[in-house]
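Thanks for asking me to look through this one with you. Have it open beside you, and let us take it step by step.

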Amino acid sequence: MLRLTGTQPRRWVLGTILASLALALLDGLGVAAMIPLTQLLSGVGTDSGVLPVISGLLGTDSPSVLIPAIAGGMAVAFILKSIVTLAFRWWLLGRTSKVSALAASELLRRYLLSPYAVHRTRRLSDVYWAINDTTTLAGSVLFSMLTLVTNAIFLVGIVVVLAIASPLVTLFVALLFAGAVFGIQRSLRGLQTRIGEEVARTSRTAWQFLLPGLDGFREARLSSRARIFTEGYERAKLQLAHRGRQLAIIGELPRFALEVAFVIAIGGISLVLFSTVGPAEALAVLGVFSAAALRGLPTLNVLANSFAAIRSGRIGMRDLGVALDELEASPSHQEVPRGDVTYEGDLRIEHVSFRYPDSDQLILNDVSLTIPRNRTFALVGSSGAGKSTLLDLVLGLLEPTQGDILCGSESIQADRAAWYGGLGVVPQEVFLLNDTLARNIAFGLAPDEIDLDRVREVLAMARLTDFVAELPDGIETEVGERGVRISGGQRQRIGIARALYRRPSLLVLDEATSALDNLTERDITETLARLKGSLTIVIVAHRLSTVRHADDLVFLKDGRVDARGTFDELRAANADFARLVELGELS
C-alpha cells in the first residue's frame, strides 16, 4: 500500500517509533512513581529506594509533603501522557487515513489508464471492490500494525519498570499474560481468517446486486427485477452484519480472558510476595503491579483487537496486492502528449490484422484502407463483420496484432495522447453527468476552464440552440443523471456538441444514430452534412440513411474489406450490400 501511494515509510515509521518511546517513557514514569508512593503509604522509611533522592530535591523527608508531591507528579505525568497520546493518535489516524485515500485514488487512476483490451475483460463489481473496499481494509490493517508496534513498545516500558520493582514477580506476570494473549490469539486465528474471507466474498456479492439495480434502473423497472436485486443485496448485507457481529464478539473474548488472568496474577503475586518479603514491602510492590495492570490491561486489549483487525483484513490486503500486480503487468496510458509528434494528413490503415490476446481467432484480417483528410468515410457491414473492432483500432483503444495505422507519416501508437487530442467521438450511448449542460459539453473541465462562447457555438453547430432557449436556466440547466430529463435525440446531439467542443480533426460516430427515430436521425445527418469538408468524419452505422451521402463507404465482411465506393457504387457492385439495402436493415 505504501508502494502504491509512493509514501516513503522510513521517516514516518521512525517518527511513530520515537513518539511511542516518548509515550512509553511518560507512562513508565507514572507507574514508576507508584513505587515510592506505595512505600510511603505502607510506612517504609524515606531512606530506601529513590525516596532519599526525592527528599533531597524537595528539602524534606516529611511524608505529609512527599506523598502529595509524588502523587501530583504522577497526575502531571498521566495528564501529559493523555494529551500527547490523543495528539499522537490524531496524527497516526490522519496518516493512515490519508494513505488509504491516496491508495484508492491511485488504484482508480491506474484502472482508468490501463489498456482498453484488458479493461473490457474486467468485472465492474470486482473493480469497485478493489477501489473502495480493499483500500479501506488495507488502511485498517496498516493502522492496526502501527498500533501493534506502539502498544508493544508501551508494554515493554511497563515491564522494565516492574522488573526494577520485583524481577521474580515480573517474570511470573509476563509469562501469565503473554500465555493468555498468545494462547487465545492462536485459538482464534483460523476463525478470524475464515470470517475475513467470507466478508470479502460477501462484499463482492453485494456489489454484484447493487450495480445492476442502479446502473440498469430502467431495465430493472421494465423487467420487474428490482425485488430480485434488492433481496440479493439484502442477503449480502445481512450476512455482512452477521459476520461483523461475529468479529465484534470474538474481539471481546480476549478482554474476558485477560480479566481472568488479572485475578490469577494478583493471587499469584500476593502468594509470592508475602512468602518472600515483609508485609510493608509486599503491599508496596502489589500496589505498583496493580497500577501497572490498570494501565496494561487496556493496552493488551488493544493488541488483541489489532491482531483481529490484521487477520480479518488480510484478504483485502491480498486482493489489493493481486489488483496492483495485475495493473503493473500492463503498460499505463500517458495522458500528456510528448509534444514531438504531429498528426496531420490522410489516415492510412496498412495491412492490419487483429485478434484478442485470449483468442486465436482473427477479428480483422489484412485490412488496408486510406481515409483522405476532410472526407466523410463510412464503415458498413453485417453484425460481426469487424466494424467496431476496426473503429477501436482507429481510435487507438486497441493495438493491431499485425500492421499499423498512420496519420500522415506518423503511427497513431507513437503518441496516443497526442492522437486522442485530435479526436471527437460520439458513441451509441452518450454518457451524461448529472450536471449542467455546459459542463456536459466541456466534459471533465473545471467550471473556470469552460469556454462558454465555444459551448454556445458547438450547440448551434449541433442544432440545439432552440432546445437550449426553452430550458429554464439555459446552458446552466442540469440534465439529470445520465441525461434522464432529455430525449435520446437531444442526448446524441449533446454528444456531437461535446465532440466538436474539442475542435477535433477527426470526428467519429460509432452507431450514434442507431437508436434514434427517423426525424432525429435526419437532423443529425444534416448536421454532419454541414460539417462535411471541414474535418475528417468516420461513421459506423447499421442505418443506410446515415451514411447514404458519405464520400466513401467500405463494406466489411468476415473481417476483410469486401467492397469500397460510394453508396450507389456499392449497391451496384456488391450483392451482400445490395441485399442489406433491399431488406432495409440499414435504412
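The numbered points below go from the whole chain down to single residues.

1. **What kind of model this is.** Please keep in mind from the start that this is a predicted model. The secondary structure of the chain adds up to 21 helices and 10 strands. The chain has a radius of gyration of 36 Å, well over the 25 Å that the globule rule gives for 587 residues, so the chain is more spread out than a compact globule. You can also read this from the C-alpha trace, which spans about 120 × 45 × 45 Å along its principal axes.

2. **Inside, outside and long-range contacts.** How much of the chain is buried? Buried residues account for 46% of the 587 residues. The accessible surface is about 29600 Å², and carbon and sulfur atoms supply 58% of that area. Now take the contacts between residues at least 6 apart in sequence: 74% of these join residues at least 24 apart.

3. **Charges.** The chain carries 58 positive and 60 negative charges. If you average the positions of each set, the two mean positions lie 5 Å apart.

4. **A helix with a buried face.** Find helix H15, residues 452–461. Its buried residues are Arg-454, Val-455, Val-458 and Leu-459. Looking down the axis of H15, you will see these buried residues fall within an arc of 140°, so they line one face of the helix. A general point helps here: an α-helix has 3.6 residues a turn, so residues three or four places apart point the same way. And what covers the buried residues of H15? The cover includes helix H14 (437–441), helix H16 (465–470) and helix H17 (488–501).

5. **A helix that is largely enclosed.** Compare that with helix H12, residues 387–395. Eight of its nine residues are buried, so H12 is largely enclosed by the rest of the structure. The buried residues are Lys-387, Thr-389, Leu-390, Leu-391, Asp-392, Leu-393, Val-394 and Leu-395. Just after H12 comes Gly-396, with a positive phi of about 85°.

6. **A buried lysine.** Stay in H12 for a moment, since Lys-387 is found there. Is Lys-387 buried or exposed? Its relative accessibility is 4%, under the 20% cut-off for buried, so Lys-387 counts as buried. Leaving out residues up to four places away in sequence, Lys-387 touches Leu-379, Val-380, Gly-381, Ser-382, Glu-511, Val-540, His-542 and Leu-556.

7. **A buried alanine in helix H10.** Ala-236 sits in helix H10, which covers residues 226–276. With 4% relative accessibility, Ala-236 counts as buried too. Which residues does Ala-236 contact, once neighbours within four places in sequence are set aside? They are Thr-202, Thr-205 and Ala-206. Ala-206 is 30 residues away along the chain, yet the C-alpha atoms of Ala-236 and Ala-206 are separated by 5.3 Å.

8. **A partly exposed leucine.** Leu-58 belongs to helix H4, residues 51–58. Its relative accessibility is 41%, and Leu-58 counts as partly exposed. Apart from neighbours within four places in sequence, Leu-58 is in contact with Leu-66 and Ala-69. The C-alpha atoms of Leu-58 and Ala-69 are 8.7 Å apart, with their positions 11 residues apart along the chain.

9. **Two residues with a positive phi.** Most residues other than glycine have a negative phi. His-351 is not a glycine, but has a positive phi of about 50°. His-351 lies in strand S1, residues 347–354, and is exposed, with a relative accessible area of 51%. Asn-374 is not a glycine either, and has a positive phi of about 65°. Where is Asn-374? Look in the loop between strand S2 (364–371) and strand S3 (376–380). Asn-374 is partly exposed, with a relative accessible area of 28%.

10. **A loop residue to finish.** Arg-548 is in the loop between helix H19 (544–547) and strand S9 (552–557). At 34% relative accessibility, Arg-548 counts as partly exposed. Try locating Ala-378 as well: Arg-548 and Ala-378 are 170 residues apart in sequence, and their C-alpha atoms are 9.1 Å apart in space.

Note on methods:
Residues numbered from 1 in each chain as written. Predicted model: local features only at pLDDT ≥ 70, side-chain atom pairs only at ≥ 80, totals over all residues. Heavy atoms only, no water. Helix = DSSP H or I, 4+ residues; strand = E, 2+ residues; numbered from the N terminus. Rg over C-alpha atoms; globule rule 2.2 N^0.38 Å. Buried < 20%, exposed > 50% of the residue type's maximum accessible area, 1.4 Å probe, protein only. Contact = heavy atoms within 4.5 Å. Areas by Shrake-Rupley, 256 points an atom, 1.4 Å probe, with all protein chains shown as cover. Lys, Arg positive; Asp, Glu negative; His and termini not counted. Charge placed at Lys NZ, Arg CZ, Asp CG, Glu CD. Arc of directions from axis to C-beta.
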